[in-house]
Amino acid sequence: SFERWNTEYLQFQWSSAWANGNANGQFSTTLTDGLWKVTARPGYQSEGTATPAVVYLVIEDGEVSAAGVATTQACAQSAVLPSCTRLETEVAGGVSRYVMPLGTPNFSGYVTVASNSARDGSGVPTSLSDAVAYSWIEVQEWNEFEQQYRWSPEVSGINTSGNGRFASTLPAGNATSNPDSRYMVSVNARPQDAAAGRSPGLFRVRVVGGVVQCDADYVFCDAGEAPTLGRFDLSLSDANLTGEVRTGAFPDGGVAVVFGQVRAERWNGQWFEWSNLWAQTGANGRFALNLETAGIYKITSEAPSWNNAYAGFANVSSYVKFDGTNVCEVSDQSDESCNDTAATSIDLEVMLVGANVRGTVRDSSAGVVRNSWINVQRYNSVLGWWEWVTGAPVNSSGAFSLSLAPSADGDQAAGGTQQRFKLEVMPPWGSSTLTRKEVQLWVGDVGQASGSNYYRVCDEASMGTCRGD
């Protein structure tokens, strides 16, 4: 893959340039002038045994600059820097090519559906049905300033091979933001795993002197130690929160939402924050998550934006409380009590709601703007500021769907039953011609039955008089 340095945003951004290696590992492409990051990933035969190679180069006047192709950005931008590793070339068939050696992993192993799945002496699942094949493993880096794990350009995710094997190289962390070189590894559950009640597996590790150690006690190693033979026997997790997402009333109304996304956000006393917990629904609309930290969670379910079969349905949120052992459903973050239904696991019935705000995003020439995003903020009249409440994807047809409702206190300046919302329509990623657009709406309760999710939407000019048809 090829990423080009964006001088405005000061970061590498995805580009449309790409190349596949042939049977001899050779590739070629044409790059425009600029600073480039090139990532060569292992093919299926090497997946799980080698790690990607990353190099940098500058193209000047259509040619690789005098600094050549180097393993660091700084070396690619200067031909005179000492202690630089620059790629050598070899000639094959009269063509000179740069040689990009793949890396040697310090973090590798196999992933199984359950921790007690049978493995042989090398950790290989004895049955392919137990292997989590062709799945994605996310790696996040600890951020000392924010006191949480975050995605970082310093590390990338990993794909498992056909037998669940994976390999990666975890670097020493940034001396300021990640001095202890701590990482969170999330083994994503595939849709078929979610349908079977399996949840993503979360593992914490750290790098000490180039060696990856466990940062908590696991079956395969204790905290502060490296596993035997350096092999990490990762697995998916049991689930204490499962459920099904449908577009109609249970048990069989509407249709099951396939490939929907379910995410869990934990209440921190002021707002719901990202908790590294999400799942995808399977063919039967079912999902599975495992809550580990006690607290109140908002569970938001949404249909896949790319599937127009679910057009007109907006996401919906449920709330659960986990006390470290038992979990139960609650009304919202202010509901601290678990009733007699609390148990070690819970199964939710989630029905998506019809949208009361939906439309199509277009540019000034009436062209459809595809694959973008809308942020939604609600004006808090008590505190006097805008607060983020949700977001919605803009699909490949330019369409979006939202269900908006006033908060419990509403807008005090508008009688307490209406509230102002601001929609921030974002340009597609990488767009250099479109800019952000703001639209403000009033949403008011106009007397529907108690508990209804449907509210009348009025334009900004109404300024609180949200009435009429």
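What share of the contacts between residues at least 6 apart in sequence join residues at least 24 apart? In this protein the figure is 55%. Please keep in mind while reading that the model is predicted.

## Overall picture

The chain folds into two helices and 33 strands. Of its 469 residues, 46% are buried. The accessible surface amounts to about 24,200 Å², and carbon and sulfur atoms account for 48% of that area.

## The sheet at the start of the chain

Let us begin with an open sheet of five strands, ordered S2-S1-S3-S4-S5 and paired in the antiparallel sense. Its edges are strand S2 (11-14) and strand S5 (63-64), each of which pairs on one side only. Strand S1 (residues 2-6) is joined to S2 by four antiparallel bridges. One place to look is Asn6, whose bridge partner in S2 is Gln11.

## Strands S21, S23 and S24

Further along the chain, strand S23 (residues 316-322) is mostly covered, with six of its seven residues buried. S23 has antiparallel pairing with S21 over seven bridges, and Phe322 in S23 is the bridge partner of Gly295. S23 also pairs with strand S24 (residues 327-330), again in the antiparallel sense, over four bridges. Here Val320 has Glu329 in S24 as its bridge partner. The hairpin of S23 and S24 has four residues between the strands, and in this hairpin Gly324 takes a positive phi near 105°.

A general point helps when viewing such strands: in a regular strand, side chains alternate between the two faces of the sheet.

## Disulfides

How many disulfides does a search of the whole structure find? The search gives two. A disulfide is a covalent bond between the sulfur atoms of two cysteines.

The link between Cys75 and Cys84 has its sulfur atoms 1.9 Å apart. The torsion about this S-S bond is -80°, and the link of Cys75 and Cys84 is left-handed. Cys75 is buried, because its relative accessible area is 7%, under the 20% cut-off.

The other link joins Cys214 to Cys221, with an S to S distance of 1.6 Å. The torsion about the S-S bond of Cys214 and Cys221 is about 40°, so this disulfide is right-handed. Both ends are covered: Cys214 is buried at 1% relative accessibility, and Cys221 is buried at 5%.

## Salt bridges

The whole structure holds 14 salt bridges. Three of them are set out below.

| Pair | N to O distance |
|---|---|
| Asp238 and Arg198 | 2.6 Å |
| Arg231 and Asp233 | 2.8 Å |
| Arg263 and Glu302 | 3.1 Å |

Why does the salt bridge of Asp238 and Arg198 tie together parts that are apart in sequence? Asp238 sits in the loop between strand S16 (231-235) and strand S17 (241-246), while Arg198 sits in the loop between helix H2 (191-195) and strand S14 (201-208), so the pair ties together parts that are 40 residues apart in sequence. The two partners have contrasting surroundings: Asp238 is exposed at 52% relative accessibility, whereas Arg198 is buried at 13%.

In the salt bridge of Arg231 with Asp233, Asp233 counts as buried, with 17% relative accessibility.

The side chains of Arg263 and Glu302 also meet in a salt bridge. This pair links distant parts of the chain, with Arg263 in strand S18 (residues 261-267) and Glu302 in strand S21 (residues 295-302), 39 residues apart. Arg263 is buried, with a relative accessible area of 12%, and Glu302 is buried with a value of 12%. Beyond these pairs, Lys422, Glu424, Arg436 and Glu438 are joined into one network by salt bridges that share partners.

## A nonpolar patch on the surface

Which residues form a nonpolar patch on the surface? The patch is made of Val382, Leu383 and Trp385, which together have about 330 Å² of accessible area. Leu383 belongs to the loop between strand S28 (372-380) and strand S29 (385-394). With a relative accessible area of 48%, Leu383 is partly exposed, because that class lies between the cut-offs of 20% and 50%.

Note on methods. Residues numbered from 1 in each chain as written. Predicted model: local features only at pLDDT ≥ 70, side-chain atom pairs only at ≥ 80, totals over all residues. Heavy atoms only, no water. Patch = residues over 30% accessible without salt bridge, like charges linked within 9 Å, V, L, I, M, F, W, Y side chains within 5 Å. Areas by Shrake-Rupley, 256 points an atom, 1.4 Å probe, with all protein chains shown as cover. Salt bridge = Lys/Arg side-chain N within 4 Å of Asp/Glu carboxyl O. Buried < 20%, exposed > 50% of the residue type's maximum accessible area, 1.4 Å probe, protein only. Pairing = 2+ DSSP bridges. Contact = heavy atoms within 4.5 Å. Disulfide = S-S within 2.5 Å.
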